[in-house]
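Biologist: Could you take me through a single part of this model, the surroundings of the ligand, in one connected account?

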Amino acid sequence: MGGGRGGGTHRRTSGPPRPPPDQAGLPAAAGGCFVSGGSAGNLSALVVAHDAARRRRDLPAGARLQVVVSDETHSSVTNTLNIIGAEKIVVPTVDHRFTGDALRAALQADQDPSSIIAVVGTAGSTNAGIIDDLAGIAEVARAHDLWFHVDGAYGGAGLFAPSVRDRFAGIECVDSFVVDPHKWLFAPFDCAALIYRDPRLARSVHTQNGPYLDLVQADDSSAEWNPPDYAYQLTRSACGLPLWFSLAVLGIDAYSAAIESGIALAKAAAELIRTEYTYLEVIREPELSCLVYRRRGWTPQDYRSWSKRLLADQLGFVIPTSWEGEVVSRLAFLYPGTTIEMVREILDSMLEAPA
Ligand SMILES: *Cc1c(COP(=O)(O)O)cnc(C)c1O
C-alpha cells in the first residue's frame, strides 16, 4: 500500500459490474500501512484525528476532547479514547445502526460542541455485520469539521463483494479507515490495513526521530514510503506481504467470489432455519457473513455447554453472543469452503439441550 495507486476502470469480459480496483473510492494519494490489528489501527488513526484537530483549531494542550461513537462501536475504540484522553459521546443506534440523523441530534444536544473532534462509524459490526449509515454520517461530519474514521475491521472486506457494495456508500468520504485482512480477507494473523485520506497528516504525527533512526527515515523530498511513519508501531513484521502475495497470485475476482460465498451462506443458513428448524429462530436477516439466531427455550448455560461440546467434537467453533441482553448463537462464515451441509450438522446438534 502507499501513494500512487492507479485509478482507471477495470475491464472484464463477463459477470456483474464491479467497483474499480480502488475498492473504497479514496483518492489516489490515500495510503497508510499495515499494523497488528484493528485495535492498533483504530488507535493510530484517532491519534492523527486528535492531532489534526488540535492544529486546525489551535486547541491548547490538555483541552477537553470528545469523540462521537455509537452504542455498537467496538470496544477497541473505547480503549483508544481512554488512551488518548478523549471522552466519548455515545449515540444510540436506530435498529443497531448509527445514522447521520442520530449524529446530528447528538451534536445539537451537546453543551460543548467545540471539543468534539471526530466521529467513528462501523462498517460491519462484529456481532451482526451491520453497516452504519456512512453517507449520512459523512455529510454531518463534513458540516461540523469532524474527522471521520470508519472501523471496518471485520466488514470492510465486504467492499470486494458487488452484492453489498452499495451499503458502503459514504466510505469514499472517510479521513481514515481500518480493515483487518486477518479476518475476512483470509490473511494470517497480525494483518490490519490502515488507510488515511491524507497520509501526510499521519506522517507528521507518527514519524519518530532518534539518532539511530535518522538514517532510515525518509526525508520529505524522498518518495520513499516508510511504514512506521503512519502508525504508532515501529518494529513490525512484513505482515502485508502474505496478503499482497495472495492477491497477486489469485486476483481480486477470487477474493470477491470468496467473500460473496460467505454472504450467500449466511443468507442460505437463515433460510434453512426458517424453513426447516422449528426449534430455532432467525433474529435478524444477515447483511454480511454472520447470522444471529436463537434456540427457543435455551438458557445461557445451554448455549455455553453446547458451544464447548461442538468445539470438543470438532464440529465447529460457534460461540454464544448477546443480542439485546439475551444470550443467543451466532454463526460467522469466513472460510469459503464451508458448506450448507456443515451448517445443517451444527443446527441439528441444537435439537437437544446439552446434558
Ligand atoms: C475485530 C474487530 C476489532 C479489533 O481488531 P483486532 O484485529 O482484534 O485488534 C475492531 N473493530 C471491529 C469492528 C472488529 O470486528
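**The shell around the ligand**

Modeller: In this predicted model, the residues that surround the ligand are G37, G38, S39, H74, S76, T126, D151, A153, Y154, D180, H182 and K183. Sorted by class, this shell holds 2 nonpolar, 7 polar and 3 charged residues.

Several of these residues also make polar contacts through their side chains. In S39, an N or O atom of the side chain is 2.6 Å from an oxygen atom of the ligand, while D151 places a polar side-chain atom 2.6 Å from a nitrogen atom of the ligand. For K183, the partner is an oxygen atom of the ligand, which lies 2.8 Å from a polar atom of the lysine side chain. Taken on its own, the ligand has 390 Å² of accessible area, and the protein covers 84% of it. Two elements, α1 (38–57) and α5 (181–184), each give two or more residues to the shell around the ligand.

D151, which belongs to the ligand's surroundings, also leads to a neighbouring part of the fold, since the strand β5 spans residues 147–151. The buried residues of helix α4 pack against β5, and they also pack against α3 (100–109) and β4 (116–122). Within α4, which covers residues 134–143, the buried positions are L134, G136, I137, A138, V140 and A141. After α4 comes D145, a residue with a positive phi, near 60°.

Definitions and conventions
Residues are numbered from 1 along each chain as its sequence is written. This is a predicted model: local features need pLDDT of at least 70, side-chain atom pairs count only at pLDDT 80 or more; totals for chains, interfaces and linings use all residues. Side-chain values use heavy atoms; hydrogens and water are left out. Buried means under 20% relative accessible area, exposed over 50%, partly exposed in between (1.4 Å probe, protein chains only). Helices (H or I, at least four residues) and strands (E, at least two) are DSSP runs, numbered from the N terminus. Contact means heavy atoms within 4.5 Å. A residue is near a molecule or strand if one of its heavy atoms lies within 4 Å of it. A polar contact is a pair of N or O atoms within 3.5 Å; within protein, one must be able to donate a hydrogen and the other to accept it, and residues adjacent in sequence count only if both atoms are side-chain atoms. Accessible areas come from the Shrake-Rupley method with a 1.4 Å probe; for residues, only the protein chains shown count as cover. Ala, Val, Leu, Ile, Met, Phe, Trp, Tyr, Cys and Pro count as nonpolar, Asp, Glu, Lys and Arg as charged, and the others, Gly among them, as polar.
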